[in-house]
Each structure stands twice: as structure tokens, then as C-alpha cells.
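Subject: Protein–DNA model

Hi,

Here is the model I said I'd send over. Have a look, and then see my notes below.

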Protein chains: 2
Amino acid sequence: MQEPSESVVKAWARLIRAGREVAASIENGLKEAGFPPLSWYDVLLELRREKDGRVTPRELETRILFEQYNLSRLLDRMETEGLVRRVPYPGDKRRQLIEITPEGRALQQRMWKSYGAAIERFVGAKLADGEAEQLGTLLSKLMETQDVGNCGGCS
Amino acid sequence: MQEPSESVVKAWARLIRAGREVAASIENGLKEAGFPPLSWYDVLLELRREKDGRVTPRELETRILFEQYNLSRLLDRMETEGLVRRVPYPGDKRRQLIEITPEGRALQQRMWKSYGAAIERFVGAKLADGEAEQLGTLLSKLMETQDVGNCGGCS
DNA sequence: TCAGTTCATATGCAATTGCATCAAATTTGA
DNA sequence: TCAAATTTGATGCAATTGCATATGAACTGA
């Protein structure tokens with residue numbers, strides 16, 4: 001086993017701490033403005049990005065990194081509030097499509113006013129020109145299974 | 001209100017996603033190895049860093065970014081497991097000191113074997129030389145209230 | 001074609017978190 | 001010096017999450 005270097009440990013610690021701090025600040029702002037949690041926004045945004053405003057729960061799950069059972073219940077709550085609707089998936093009775101309602105679209109737009117401002121305040125304003133780009137690039141290296149490994153370009 | 005630039009939004013999104021992905025991977029490893037969650041480790045580590053192995057809950061709270069009531073209950077669980085002990089704070093009967101036990105120290109050490117390896121695997125191995133340093137520097141800009149503002153260096 | 005497997009979603013129950021509030025001890029300030 | 005305010009920590013209760021498993025639908029392969 002390989003011991004991580006000091007700078008790696010520090011990067012990890014800061015990743016977690018910065019993420020939590022910024023997320024807490026942003027969530028706070030939303031809550032004070034009377035909005036639901038960020039996870040609701042994430043769902044609404046993913047749906048809004050689809051031309052027909054529909055996605056399967058499975059797809060949503062991977063996009064917003066939610067556990068299946070948690071998403072199922074989040075959708076329950078959002079459906080109760082009239083923000084989304086469950087509609088049958090043509091040709092497969094196991095599956096379903098989650099569809100955003102007009103109320104859902106409206107909420108997403110209202111939330112963005114508050115959310116976007118918070119992102120600018122707690123992220124944008126703290127970084128100099130080019131640093132956001134740089135940060136994004138570095139973070140993307142931590143994501144996904146980028147271990148090509150056994151078959152990188154094999155024919 | 002200021003709209004965040006695209007690169008800022010992307011950096012924010014990746015901050016959250018990368019944090020979650022890496023944290024999930026690491027927590028998974030710990031769980032599979034039969035260890036408690038990371039929050040337990042955080043507490044043990046903070047205590048171990050003190051020469052006498054003691055800190056007040058208030059101090060812990062800010063160091064590990066835990067809500068007071070959540071920390072109170074986390075300490076309940078850890079105390080039940082014999083990893084920490086609550087001892088009276090001399091001169092103030094409201095306060096207390098959390099003290100790490102020998103079992104707590106032992107657990108911290110065992111956890112580090114697994115935890116350190118995971119950090120190296122999911123963070124260190126994904127970054128080239130110097131990138132961890134760079135990432136840490138960028139992330140630190142997002143933290144703390146760096147708005148000196150009203151009294152920066154006033155006499 | 002049908003028994004076994006896999007897939008998509010839901011749900012009961014326990015653990016954890018969030019919120020509001022409490023109780024006790026200390027500090028403040030008139 | 002004492003009432004009011006503040007600080008520290010705990011706790012009842014509701015909401016959320018995690019885990020295990022259920023339910024029903026669709027594939028798979030002899």
C-alpha cells in the first residue's frame with residue numbers, strides 16, 4: 001500500500017471542507033428564501049434540459065448521484081408538490097418517465113435567481129480570472145473511472 | 001445580482017460531484033473493511049492531534065464542521081463504543097472535554113491503513129506532480145471568510 | 001415455453017440528521 | 001448583586017437516509 005503525500009491529503013481534506021462550506025452557504029441562502037433543497041433543483045434542472053421534459057428515474061439517478069430508493073422518495077415529495085409527474089414508459093411497464101410540470105419549470109427559474117447569485121458570491125467572487133477554469137479541470141481528473149487500463153484503444 | 005460565468009458554474013458542479021464521488025468511494029472501502037464512517041475518524045484524528053488527547057466539543061464542532069446536536073449524538077455513540085470519554089472541564093461546569101481512549105487511538109491507526117490507501121488511490125493516483133498542490137491552493141480560496149473588509153490591518 | 005435470472009421501482013424499518021427547545025452554568029450590565 | 005442575556009450541551013420529535021427486501025415486469029436459455 002502506498003501512503004498518500006502530504007499535498008494529496010491536504011487536497012482531499014480541502015475538497016471535502018470547501019465543498020461542505022460552500023454547499024452549506026448556498027443551501028442556507030435558498031432555505032432563507034423559502035426554497036426547497038438543492039437536490040430538488042438538480043432534479044428540475046435535469047428535466048428542463050430534456051426537450052420533452054422527461055427522463056427515466058434510472059437516468060436521473062446517475063446524473064444527480066442519488067441512491068435509487070432516495071430518488072424514489074424524493075420524487076414522491078416532488079410529485080406531491082406538483083412539480084413533477086410520473087408517466088408510464090411506453091413498451092415497458094417496469095419503467096417510468098418523470099415529467100416536469102409547468103409549476104416545476106417555474107420553480108426552477110425562480111430558484112435560479114437565488115442559486116446563481118449564491119454561486120457567484122461563494123465561488124465566482126473567490127476566484128481570479130482563469131482559476132475557475134483551472135479548478136474545474138483539476139476536479140474533473142478526480143471524477144469518473146478514467147482508468148482506461150486493460151483496453152485503451154485495443155482493436 | 002451577478003450571473004456566474006459558465007466556468008464558475010462548472011467548477012461548482014464539479015466540486016460537488018467530485019467530492020461526492022471520491023467520498024463515496026472512500027467510505028465504501030472503509031465500510032467493507034468493517035470500519036465506522038469517516039466522521040468517526042475525523043473526531044479521533046482531531047483528538048489524537050492534541051498533546052493530551054482532549055478537546056472541547058465546541059472546538060471539535062468547528063474543526064469537523066458538524067452541527068452541535070449531531071456532534072453531541074456522534075459522541076454518544078463513540079462513547080458507547082469506548083472510543084472517547086467525556087470528562088469535566090475544570091472551572092466551567094457547562095463545558096466538557098472529550099478525551100480519546102487507548103481503544104480510540106488504536107482504531108484511528110487501523111483506520112488510517114485503509115483510509116490512507118484509499119486517498120492515494122482516489123486522489124493521489126489521479127493527479128500528476130504538482131496538481132494536488134495546485135488543487136489544494138485553489139480550494140483554499142473558496143474556504144473561510146476571506147472578506148477582510150472592515151478592519152484589515154487596522155490599528 | 002417456462003423456470004430462473006435480471007431489471008426497475010417501491011417500501012418497512014432502523015439509523016442519522018435537522019429543527020426547535022430545554023436546562024444548567026456563566027457572563028453582563030445596570 | 002441580581003435579573004436578563006449568553007453560552008454549552010442535550011433531547012423530543014419530524015424528516016431524511018441507508019439497508020434489506022418486496023413486487024411486478026421483462027429477459028434468457030435449455
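The surface near DNA strand D draws at least two residues each from α4 (68–80) of chain A and from α3 (57–64) and α4 (68–80) of chain B. Helices here are DSSP runs (H or I, at least four residues), numbered from the N terminus. α4(A) has the largest share, with 5 residues. In total 20 residues surround strand D, the closest being K93(A), P57(B), R58(B), Y69(B) and S72(B); "near" is a C-beta atom, placed from the backbone, within 6 Å of the strand. By class they are 4 nonpolar, 5 polar and 11 charged (nonpolar is Ala, Val, Leu, Ile, Met, Phe, Trp, Tyr, Cys and Pro; charged is Asp, Glu, Lys and Arg; the others, Gly among them, are polar).

Bear in mind that this is a predicted model: local features need pLDDT of at least 70 and side-chain atom pairs pLDDT 80 or more, while totals for chains, interfaces and linings use all residues. Residues are numbered from 1 along each chain as its sequence is written, with chains lettered from A and ligands numbered from 1 in the order in which they are written.

On to strand C: 20 residues surround this one, and P57(A), Y69(A), S72(A), R94(A) and K93(B) are the closest. Here α4(B) gives the most, 5 residues.

And the two protein chains? Their contact takes 43 residues from chain A and 43 from chain B, counting C-beta atoms, placed from the backbone, within 7 Å. On chain A's side, α1(A) gives the most, with 16 residues.

Cheers

Notes. Contact = placed C-beta atoms within 7 Å.
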